[in-house]
Amino acid sequence: MDEFLIVVLFAAVAALLIRQSGLGLRLRKLEDLRDELESLDRRLTRLEEGPQVAAAQKPAPVTLPVVPTSPVIRHQHGTPPVLGVSNAKKTAVPSVASFTMPAVPAPAAVARTQVVQEEPAAASEPGASIVSRSLSIEERLGQNWLNKLGIVTLVIGVALFLGYQLRTLGPLGKSVIGLTLSIALLAGGLVLERRERYRIFARAAIGGGWALTFFVTFALYHVQAMKVLDSQAVDLVLMLAIAAAMVWHSLRYKSQVVTSLAFLLAFVTVGISDVTLFSLVAGALLAAALVLVAAREYWFELGLAGLVGAYLNHFLWLYRVLPEGGQPGHAFPEFLPSAGLLLLYWLIFRLFYVLRVPKNHRQEVVASLTAILNSVGLMSLLKFQSSHPEWAFWALLVLGAAELVLAFVARRRWQTAFVVLSSIGSVLLVAAIPFRFSGANWALLWLLEAEALLIAGLRLRESVFRRLGMLADFAVAAQLLVTGVAPVVLLRQQQQDPSRHVSLAVTLLSAAVLFWLNSEFGPKRWAFLNDTDLDRVALLVTSYLASVVALFGLWVCVPGVWTVVTWMLLALLVGWLAGRIKSLDLGMQADLLALAAIVRTAGINFFVEDHLGALTLRSVTVALVVAMLYVGMRRSAASRVLETEWIATAYSWPASTLLAVLLWYEVKPIGIAVAWAYLAVVLFELGRMFRKDYLRQQAYVLFVVSFIRLVFVNVTTAGTATHVFNTLVYTVLPLIAAYFWVYERLHREQDASKVDRFIAALTAWLGTFAAGMLLYFEMRPEWFILSLACMAWVLLFMGWILKRTIFLEQALVAVILVAQQAIFVCFADGTFSNSHSFYSSRVFTVSLASAILLLALPVAFAVRRQYSVPPRDKPAWMLFTMYRPEQPFFFVPLLLITVLLAVELRAGMITIGWSGLGVLAFLFALTVGERSYRLAGLGLLMLGVAKIILIDIWHASPSDRYITLIVMGAALLLVSFLYSRYKETVLKFL
């Protein structure tokens with residue numbers, strides 16, 4: 001500890017020397033400016049006296065020719081003077097003869113003038129400046145710095161030597177040697193001080209002599225190796241006398257450096273001895289004497305140094321006395337005397353601050369810094385020696401009230417003291433409440449000290465104070481996160497932690513509130529904070545740091561699944577505050593807090609299976625988060641990332657996503673698609689009601705996702721259930737209703753966008769596909785074909801009645817699916833050929849499906865007439881199919897029946913069947929007047945002829961061959977007769 005004190009002493013002396021050297025440099029600059037001003041004044045005087053001297057020494061007028069180098073002198077009316085005029089003509093031009101040559105100064109005067117002008121030039125040469133600067137540095141090092149470092153080293157060495165090292169002499173001998181050395185230093189200094197050359201050296205010796213004298217006097221009773229007095233009171237009187245003499249003598253020189261050196265060495269010599277409670281009393285005496293000197297001479301730097309010395313000595317004593325290093329609640333018998341001395345230090349320096357008014361701004365800054373450090377030192381040491389943490393509330397309350405009383409006392413003397421002391425008192429009074437409920441802790445104490453610095457700096461407009469306060473805020477946040485939050489994180493990773501850590505949480509939340517007040521309301525109250533980039537950046541970091549600290553404070557206090565609820569509440573509160581004060585940074589923090597809640601919800605809350613009554617904790621907490629996200633959509637303040645018009649969109653998408661995921665966890669698997677679809681319906685209707693496109697877009701996404709879920713999950717689940725029909729019906733029918741509900745609502749909108757029109761078509765197709773899947777999984781294959789044919793008929797009818805082409809498109813797809821299913825199920829699958837039931841046979845299925853499709857032809861022709869003028873921008877295949885549905889509804893059944901005849905009849909009778917089918921098709925074509933049908937009938941007849949020529953003649957049995965030829969011939973004749981009979985009708989439809 002002694003080595004530490006010596007290091008501190010050398011640092012203090014170095015700071016004192018640097019300050020003194022800086023002061024000396026400023027004084028020399030002031031002297032140089034004064035000399036320059038005097039030189040300029042002398043030159044100005046000579047210039048003003050020059051015309052008078054020239055007039056006194058004016059020579060007689062001359063008539064010599066004008067010297068070319070002389071200046072041309074013109075007449076006041078512009079006529080040039082005439083030189084060399086005779087006396088006879090002088091009367092004619094008397095004014096011309098009055099002009100004379102200017103007087104030439106004497107050589108001596110010229111020489112003097114040149115010397116005066118050359119000296120500054122010589123002095124301004126670079127070489128001379130460098131030499132002068134080098135001599136100045138060398139002079140300061142040799143005469144000023146070395147002697148102060150030397151006297152400090154000498155005094156410390158003598159004190160340590162006499163107190164600890166010298167063992168051959170007794171206490172009396174050591175005391176005599178110490179006093180002799182002290183008197184020698186003082187006497188030598190007094191003798192040498194009379195000479196100008198040694199004055200700096202002598203004053204350092206005088207300061208060291210007084211410091212050593214005070215130490216020897218102190219050691220006469222308190223240092224065991226030098227103890228010669230048995231009365232502590234006598235030694236106290238001697239110390240008071242030495243202190244008074246030291247003060248009286250140091251004031252003779254009016255030197256703050258000499259006085260500071262004397263007091264500083266006195267503090268150090270007391271500190272390096274065996275410190276007792278009485279040695280602290282000696283320190284108090286030194287502090288009182290120092291304050292008297294500083295107050296008398298307005299040496300506020302000396303007061304600051306004395307403050308540091310007094311509290312540092314007390315800390316060294318506490319460090320030696322308290323073996324546990326100042327743990328709260330330790331046993332400390334000297335608690336009350338120590339606290340009394342600390343309060344005495346505080347009162348001495350506080351009265352110095354209140355009663356002595358500085359003369360300039362620099363003294364004001366130093367005095368205010370001393371006042372703040374006075375409170376810091378008192379609270380820190382009271383905390384360090386605390387044996388009764390429960391007294392913290394009352395201590396802060398009393399100290400805060402005392403600071404406010406002193407602030408009002410100083411109000412009439414100077415305003416700065418009122419500002420600083422009222423700020424300190426207010427902070428202490430506010431701090432008393434958290435100490436009452438959370439217990440004393442270092443972080444909160446540091447936070448309050450930082451606030452005192454910051455508030456004082458703001459109210460004084462002093463950048464040093466406020467920036468120190470900001471740095472202290474950062475230190476508090478780091479301390480809270482590293483030593484407070486990090487252990488809780490490690491603990492909760494290893495085991496369950498039921499504790500809520502209320503003390504730590506209160507501290508974290510208090511820090512967050514103060515950080516927000518500093519960063520958001522400080523610049524509005526003190527606009528000059530926005531003048532510098534450093535302050536702006538520091539306050540910006542403080543604002544975001546407040547969010548981090550508050551986030552961890554809520555996590556510490558409310559762990560588990562409820563953390564996200566508190567985070568979202570905080571996000572709403574910060575967002576509301578951002579709107580009230582128009583803060584982009586608070587808006588950004590609200591967004592980040594909401595994002596943290598969303599991430600934690602997705603990572604933790606969805607996996608919680610515990611219950612709260614009949615509900616799961618997952619459903620309760622996630623629902624609350626979703627509700628608060630929807631509430632956050634109404635925030636009016638923008639952020640650094642989100643403009644005002646994008647806030648609702650940014651908040652609603654994660655809210656709807658979390659709600660959809662919650663349904664996925666809470667609803668049974670078979671009902672998830674239905675839940676998503678009806679959530680989409682709700683969002684869709686809300687979007688229409690409030691004209692919010694983003695809600696409608698979320699609904700569209702949910703519709704698509706619900707259909708995907710239906711296809712890949714519901715169908716599989718329903719296929720393995722016990723009651724297949726009921727399960728699939730009550731999950732698919734609601735989806736179909738939801739899809740067509742949205743389709744109908746969008747179709748009726750007059751100003752629907754392209755996206756809305758696309759979604760309308762998509763939902764219609766999703767509804768139809770869902771109905772088709774329901775039929776596919778609920779019916780046998782043959783009945784599914786028939787149901788597809790009926791669906792095609794119904795869709796065609798809806799397209800005709802409602803005049804909507806989308807149903808015509810779906811009818812066309814259904815017809816194609818009928819053909820596909822009939823070919824691959826009825827014809828390619830061999831099971832139908834072995835069916836014993838006629839209603840399950842291929843003939844019944846294909847025939848009835850074809851009949852159903854053919855029965856839709858009247859509606860198809862009605863649709864054709866409805867779209868007699870089809871749009872020109874459609875492709876040709878669409879014009880031939882969708883706008884002429886009679887074509888697929890005729891040719892698909894014709895194809896199926898043709899294939900059915902080929903499959904069901906024996907080889908010899910196929911041609912007869914095709915011929916009969918061709919005749920029927922031809923007759924039907926004549927009835928409806930459709931050329932394509934007539935060509936189809938002819939095509940079937942030609943197909944029969946080709947089969948006869950290529951196959952039947954060569955491979956059929958004789959009876960089949962003959963019958964085929966007869967029937968085919970009769971059919972051809974009939975068709976030929978019909979062509980002749982109805983020639984005009986046929987030509988009309990060509």
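These questions and answers work through a predicted model, setting values against cut-offs.

Student: Why is Asp497 called buried?
Tutor: Buried means under 20% relative accessible area. Asp497 has 13% relative accessibility, so Asp497 counts as buried.

Student: What makes Asp497 and Arg492 a salt bridge?
Tutor: The cut-off is a side-chain nitrogen of Lys or Arg within 4 Å of a carboxyl oxygen of Asp or Glu. Here the N to O distance is 3.1 Å. The pair therefore meets the definition.

Student: Is Arg492 buried or exposed, and how do you know?
Tutor: Arg492 is at 18% relative accessibility. The limit for buried is under 20%, so Arg492 counts as buried.

Student: How do you know that Arg745 and Glu685 form a salt bridge?
Tutor: Look at the closest N and O atoms: they are 2.9 Å apart. The definition asks for within 4 Å, so the pair qualifies. This pair links distant parts of the chain, 60 residues apart. Arg745 sits in helix α25 (residues 724-747), and Glu685 in helix α23.

Student: Why is Arg745 called partly exposed?
Tutor: Partly exposed lies between the 20% and 50% limits. Arg745 has 28% relative accessibility, so that label fits.

Student: Which residues are linked with Arg745 in a network of salt bridges?
Tutor: The network links Arg745 with Glu685, Arg688, Arg696, Glu749 and Asp756. In total, the structure holds 23 salt bridges.

Student: What labels do Glu886 and Arg884 get, and why?
Tutor: Glu886 has a relative accessible area of 0%, under the 20% limit, so Glu886 is buried. Arg884 is at 23%, between the two limits, so Arg884 counts as partly exposed. Their side chains meet in a salt bridge, at 3.1 Å from N to O.

Student: What makes a group of residues a nonpolar core?
Tutor: The members are buried nonpolar residues, joined through side-chain atoms within 4.5 Å. The largest nonpolar core here has 143 residues. Leu629, Leu796 and Phe889 touch the most other members. Helix α28 (residues 805-827) gives the most to this core, with twelve residues. A second, separate core has 83 residues, including Val155 and Tyr311.

Student: Which residues does Leu796 contact, leaving aside its neighbours within four places in sequence?
Tutor: Among them are Leu808, Ala811, Val859, Pro885 and Phe889.

Student: Why can Val682 belong to a surface patch?
Tutor: A patch residue needs over 30% relative accessible area. Val682 has 45%, so Val682 passes that limit. The 45% also makes Val682 partly exposed. Val682 lies in helix α23 (residues 672-690). With Leu686, Met689 and Phe690, Val682 makes a nonpolar patch of about 390 Å².

Student: What makes the phi of Arg691 worth a look?
Tutor: Most residues other than glycine have a negative phi. The phi of Arg691 is near 55°, a positive value. Arg691 is in the loop between α23 and α24 (693-719). At 71% relative accessibility, Arg691 is over the 50% limit and so counts as exposed.

Student: Where is His501, and what is its phi near?
Tutor: His501 is in the loop between α16 (463-494) and α17 (502-525). Its phi is near 50°, again a positive value in a residue other than glycine.

Student: Why is His501 called partly exposed?
Tutor: His501 is at 22% relative accessibility. That value is not under 20% and not over 50%, so His501 counts as partly exposed.

Technical notes. Residues numbered from 1 in each chain as written. Predicted model: local features only at pLDDT ≥ 70, side-chain atom pairs only at ≥ 80, totals over all residues. Heavy atoms only, no water. Patch = residues over 30% accessible without salt bridge, like charges linked within 9 Å, V, L, I, M, F, W, Y side chains within 5 Å. Areas by Shrake-Rupley, 256 points an atom, 1.4 Å probe, with all protein chains shown as cover. Helix = DSSP H or I, 4+ residues; strand = E, 2+ residues; numbered from the N terminus. Buried < 20%, exposed > 50% of the residue type's maximum accessible area, 1.4 Å probe, protein only. Contact = heavy atoms within 4.5 Å.
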